[in-house]
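Please look over the sequence and the structure shown below. The paragraphs that follow lead from one residue to a helix, and from there to the loop that comes after it.

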Amino acid sequence: MYVGTLSFDLLLGDVRSLKEKRSVVRPIVAELHRKYAVSVAEVGEQDLYRRAEIGLAAVSGDPGHLTDVLDRCERMVAARPEVELLSVRRRFHGGDDA
């Protein structure tokens, strides 16, 4: 079993309230979940309206497939015009980890 995680640090564009922030972040979270069948949630920076941290996790029996899914998720978030992707943190845990 292989587990991969991504943590996205995002700067939101023209957002002036937490309500506007939700209207930007929720569609990203929903699309990642729907398109790639990953577990995803806003996990940090909830009190700041121009920043967001989104965490994502996926499990697979094939490390190549898992890498492909994580790559696609990262490209999707990076391509969103309403956010600037400041950083991505990737972790990969394989069957040999203790």
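A residue is called buried when its relative accessible area is under 20%, exposed when it is over 50%, and partly exposed in between, using a 1.4 Å probe and protein chains only. The model is predicted, so local features need pLDDT of at least 70 and side-chain atom pairs count only at pLDDT 80 or more, while totals for chains, interfaces and linings use all residues. Residues are numbered from 1 along each chain as its sequence is written, and side-chain values use heavy atoms, with hydrogens and water left out.

Helices (H or I, at least four residues) and strands (E, at least two) are DSSP runs, numbered from the N terminus. Arg80 lies in the loop that links helix H2 (63–78) to strand S4 (83–93). Because its relative accessibility is 17%, Arg80 counts as buried. Its side chain makes a polar contact of 2.6 Å with the side chain of Glu31 and another, of 2.9 Å, with that of Glu82. A polar contact is a pair of N or O atoms within 3.5 Å; within protein, one must be able to donate a hydrogen and the other to accept it, and residues adjacent in sequence count only if both atoms are side-chain atoms. Apart from neighbours within four places in sequence, Arg80 is in contact (heavy atoms within 4.5 Å) with Pro27, Ile28 and Glu31.

Glu31 leads to helix H1, where the buried residues include Val25, Ile28, Glu31 and Leu32. The cover over the buried residues of H1 includes strands S1 (2–12), S2 (39–44) and S3 (51–60), together with H2 and S4. Helix H1 has 19 residues (18–36), which should span 27 Å at 1.5 Å a residue, and its end C-alpha atoms are indeed 27 Å apart. The expected span is 1.5 Å times one less than the number of residues.

How do H1 and H2 pack? Their angle is about 150°, and their axes are 11 Å apart. H1 is therefore roughly antiparallel to H2, a term for angles over 145 degrees. Axes here are lines fitted to C-alpha atoms, for helices over the stretch in contact, and angles run from 0 to 180 degrees between N-to-C directions. Ile28, Glu31, Leu32 and Tyr36 in H1 meet Val69, Arg72, Cys73, Met76 and Val77 in H2.

Ala37 comes just after H1, in the loop between H1 and S2. Most residues other than glycine have a negative phi. Ala37 is not a glycine, yet its phi is positive, at about 55°. With a relative accessible area of 69%, Ala37 is exposed.

Technical notes: Angles under 35 degrees count as roughly parallel, over 145 as roughly antiparallel, 65 to 115 as roughly perpendicular and the rest as oblique.
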